[in-house]
Amino acid sequence: IMPDLTSLFVAAGLTEQKANETLKNKQVSASFAEAIELAKHTCEVDKSVGNLLYQISTRLKHKHHLPTIVSYVASKKLKTDIQLNCALDYLKNNPSMPLDESKFSEASGVGVEVSPAQIEDVIEKLVEANKAELLEQRYKFNTGKILMNARKLLKFADGRIVKSELDMQILDLLGPKSEADLEPASKPKLSVTIQKLLRLGQLIHPNYKQINIFYKYSPDSLFYLMEEHLKITGGQVRTRFPPEPNGILHIGHAKAINFNFGYAKANDGVCFLRYDDTNPEKEEEKFFKGILDMVNWLGYTPYKVTHASDYFQELFDLAVVLIKKDLAYICHQKYEELKGINPPPSPWRNRPIPESLALFEDMRKGKLDEGSTTLRMKHVMEDGKQDPVAYRIKFTPHHRTGDKWCIYPTYDFTHCLCDSIEQISHSLCTKEFQARRSSYFWLCNSVDIYCPVQWEYGRLNLQYTVVSKRKIQKLIDAGIVRDWDDPRLFTLTALRRRGFPPEALNDFCAKVGVTGNLCILEPSMLEACVRTTLNNTAPRVMAVLYPLKVTITNFPNEAGSLDIKVPDFPADESKGNHVTNLTKSIFIERSDYMEIADKSYKRFASDQSVGLRHAGLVLTLERAEKSSKGDVVELFVTCKSVEDSPKPKAFIHWVSATSCLECEVRVYSRLFKHKNPEDTSVVPGGFVTDCNSDSLSVNTAARVECSVKKAKVFDKFQFERLGYFCIDPDTTDNTMVFNRTIPLKEDAGKN
């Protein structure tokens with residue numbers, strides 16, 4: 001121990017014992033000492049300043065912000081714990097440089113002064129709003145509800161002053177405590193307690209079995225821990241969406257996002273986005289960004305973005321608690337031995353507590369080899385798996401914590417404890433986690449912390465696809481698909497690129513609903529939702545995929561062109577329109593012309609006239625020019641107005657041959673041939689062999705009207721009579737690229 005640092009820390013307000021404990025942590029010690037020296041340039045580091053600097057040294061995630069936040073403390077811009085907490089939260093969520101000091105100051109309450117008169121006025125109104133309950137319950141009334149509302153209205157007020165003002169006003173209202181007020185509150189019966197504590201969002205959990213499991217483990221602390229939770233949250237519904245940042249979200253995640261965020265929103269609650277970043281080997285920054293991007297794309301904003309790594313120290317400390325209670329032990333069985341449901345019993349299960357504690361510390365310090373040692377919990381899961389692993393050694397730097405940790409917690413250990421730390425009220429997860437439910441409750445109760453309620457629901461799967469990260473990567477490596485956002489996949493980035501609107505995915509999830517059963521659906525239900533949404537949101541334009549040139553020999557305008565007004569939404573012309581150019585030479589779809597028409601054919605033929613959509617003209621063939629191979633290459637026609645002609649059987653779309661854009665159109669179909677490509681009884685060769693080699697067709701000769709020229713990536717259109725199309729990110733200044741989102745729903749026999 002360095003005496004000079006001890007003296008420095010004591011002078012900054014730490015007790016000598018606390019100073020010596022701090023010196024055991026080199027990183028915190030160095031940060032605290034640096035913060036003190038920085039602050040000394042501006043002010044005297046007394047106990048009040050030192051306390052804030054100590055919090056900074058232990059909690060600041062990104063050390064490049066240290067000079068800035070210390071300067072704010074030293075210059076008295078940050079004076080209270082509340083201001084500092086807000087400042088640290090802002091820096092954690094905005095780590096990049098340069099720092100926007102204006103937004104930082106606003107978020108941290110710099111310059112905000114809350115006067116005693118303001119506090120008195122707010123508390124007076126809140127007491128008045130709760131007066132009836134106060135008079136009825138007197139001093140047994142839970143004042144946490146008032147304090148929580150006061151904190152919302154007086155975010156940067158001193159909490160002690162607020163509490164003191166509340167106590168004074170309650171005393172003024174109720175008078176001194178009577179003998180009845182001093183009697184301890186009687187503990188309600190279990191059933192009443194459970195109903196009270198679970199009536200979050202006006203819902204009572206239907207499965208009392210799990211609550212009995214919960215209650216059995218901690219009969220004395222259940223009520224207290226839940227009451228403390230309610231004091232903190234005010235009964236607010238809190239959910240979380242906890243993805244692993246090692247891949248891209250898929251259609252199943254859309255249901256999870258909708259359920260977690262939607263349930264919270266429906267009950268005036270909040271939803272956290274928490275990255276389960278406990279496996280640094282597979283995590284990449286692009287996945288972190290991609291996940292948040294998709295959550296936002298679906299229309300949701302997280303209450304807070306957190307990481308499991310935010311709580312690595314708390315998780316480590318709770319693991320120590322578990323060992324001290326003889327509920328966890330250090331084991332040296334290899335990974336191969338631990339695989340499966342029934343691994344052989346560990347010969348180290350009854351290892352002495354001090355020995356496990358010492359070895360766990362050795363794990364943390366990197367003294368043991370990777371793969372040689374794990375921390376295991378003394379618990380049998382509902383699926384029969386015995387003693388799940390809580391911690392393992394990985395000498396892999398973490399993207400957020402660097403080399404600070406070489407041991408990382410597992411999902412089974414992390415999941416429930418992070419839920420508890422964040423005061424989650426409803427842990428909503430898919431059905432396969434039902435086998436972990438008892439483990440969830442057991443672990444929270446074993447370390448004596450609040451335990452949320454876990455609800456399971458059925459997963460959502462679609463036929464004709466795979467969503468496994470490993471299998472999608474295999475398709476990418478094999479060159480079958482381009483990347484995670486290939487429009488033939490059902491990842492969310494792929495669906496966005498294909499042109500599926502987020503509103504349609506949310507509508508689809510709502511129609512599927514939430515049950516305990518696994519949902520395996522054909523893509524047609526999702527496609528129906530997409531059509532419904534795009535029908536109301538995608539403006540109509542004309543495009544020709546396979547052009548056939550048509551020359552109008554008696555074009556009605558000597559200038560050679562006419563401006564044609566085209567409604568964006570023909571069913572509701574009040575939504576606007578655009579102008580397209582009709583010229584003497586136009587392109588029509590090659591499939592819209594047949595030399596000799598049969599009785600069922602209604603479009604253009606040598607003996608059958610056809611109308612041009614929106615132009616008010618009817619075309620009649622004069623002659624067809626053919627190539628040396630006998631293929632029709634150009635039609636020469638005459639035109640008449642609709643009023644002067646017999647009504648044609650059909651009207652076809654077209655684009656000007658001289659004022660259109662040449663574009664690339666990609667048409668996608670199902671990637672797999674069978675409903676379940678992973679079923680080896682149907683596809684013996686595996687899912688890769690089931691891929692449809694014709695699932696992508698690229699057309700570089702298509703034409704589209706010029707009105708789309710200024711459209712942006714992901715803008716969506718209905719190409720009249722063809723389908724819905726979306727602008728692809730591969731679009732350049734020279735070439736527009738369109739993906740067909742989905743074909744129009746047409747009658748099977750339509751010609």
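With a relative accessibility of 1%, Ile472 counts as buried in this predicted model, because burial here requires a value under 20%. This residue belongs to helix α23, which spans residues 469–477. Setting aside residues up to four places away in sequence, Ile472 touches Val466, Val467, Trp484, Leu489 and Thr491. Lys265 offers a point of reference in another part of the chain: Ile472 and Lys265 are 207 residues apart in sequence, and their C-alpha atoms are 33 Å apart in space.

It is helpful to place this residue within the chain as a whole. The chain has 751 residues, and 50% of them are buried. Its secondary structure comprises 26 helices and 29 strands. Taken along the principal axes, the C-alpha atoms fill a box of roughly 105 × 70 × 60 Å. Among contacts with a separation of 6 or more, 69% are between residues 24 or more positions apart.

Four domains are assigned along the chain: domain 1 covers 5–108, domain 2 covers 116–177, domain 3 covers 548–658 and domain 4 covers 661–743. The centres of domain 1 and domain 3, taken over C-alpha atoms, are separated by 74 Å.

The UniProt record, an unreviewed entry, adds annotations of its own. It places the feature "domain: Glutaminyl-tRNA synthetase class Ib non-specific RNA-binding" at residues 4–159 and 162–189. In the model, residues 4–159 are 68% helix and 0% strand, with 35 Å between the end C-alpha atoms. The same kind of record, again unreviewed, gives "domain: tRNA synthetases class I (E and Q) anti-codon binding" for residues 651–728. That span is 0% helix and 41% strand, and its end C-alpha atoms lie 29 Å apart.

Two further helices repay a look at their buried residues. Helix α22, residues 437–446, is mostly covered, with 10 of its 10 residues buried. The buried set includes the aromatic-named positions Tyr440, Phe441 and Trp442, along with Arg437 and Asn445. Just after α22, Asp448 adopts a positive phi of about 60°.

In helix α25, residues 502–512, the buried residues are Pro502, Ala504, Leu505, Asn506, Phe508, Cys509 and Val512. The elements that cover these residues include the helices α16 (251–266), α17 (285–297), α24 (492–498) and α26 (523–537), together with the strands β10 (460–462) and β11 (519–521). A positive phi also appears just after α25, where Gly513 takes a value of about 75°.

Glu634 gives a last local view, this time in strand β22, which runs over residues 632–641. What lies around this buried acidic residue, given that Glu634 has no salt bridge? The nearest side chain of opposite charge is that of Lys549, at 4.4 Å; this does not count as a salt bridge because the cut-off is 4 Å. The side chain of Glu634 does, however, make a polar contact of 2.5 Å with the side chain of Thr551. Leaving aside neighbours within four places in sequence, Glu634 is in contact with Leu548, Lys549, Thr551, Arg623, Ala624 and Glu625. Thus Lys549 and Thr551 both figure among the contacts of Glu634, with Thr551 supplying a side-chain polar partner.

Note on methods: Residues are numbered from 1 along each chain as its sequence is written. This is a predicted model: local features need pLDDT of at least 70, side-chain atom pairs count only at pLDDT 80 or more; totals for chains, interfaces and linings use all residues. Side-chain values use heavy atoms; hydrogens and water are left out. Helices (H or I, at least four residues) and strands (E, at least two) are DSSP runs, numbered from the N terminus. Buried means under 20% relative accessible area, exposed over 50%, partly exposed in between (1.4 Å probe, protein chains only). Lys and Arg count as positive and Asp and Glu as negative; His and the chain ends are not counted. A polar contact is a pair of N or O atoms within 3.5 Å; within protein, one must be able to donate a hydrogen and the other to accept it, and residues adjacent in sequence count only if both atoms are side-chain atoms. Contact means heavy atoms within 4.5 Å. UniProt positions are given in the numbering used here, feature names are shortened, and annotations may be inferred rather than shown by experiment. Domain bounds come from an automatic or database domain assignment.
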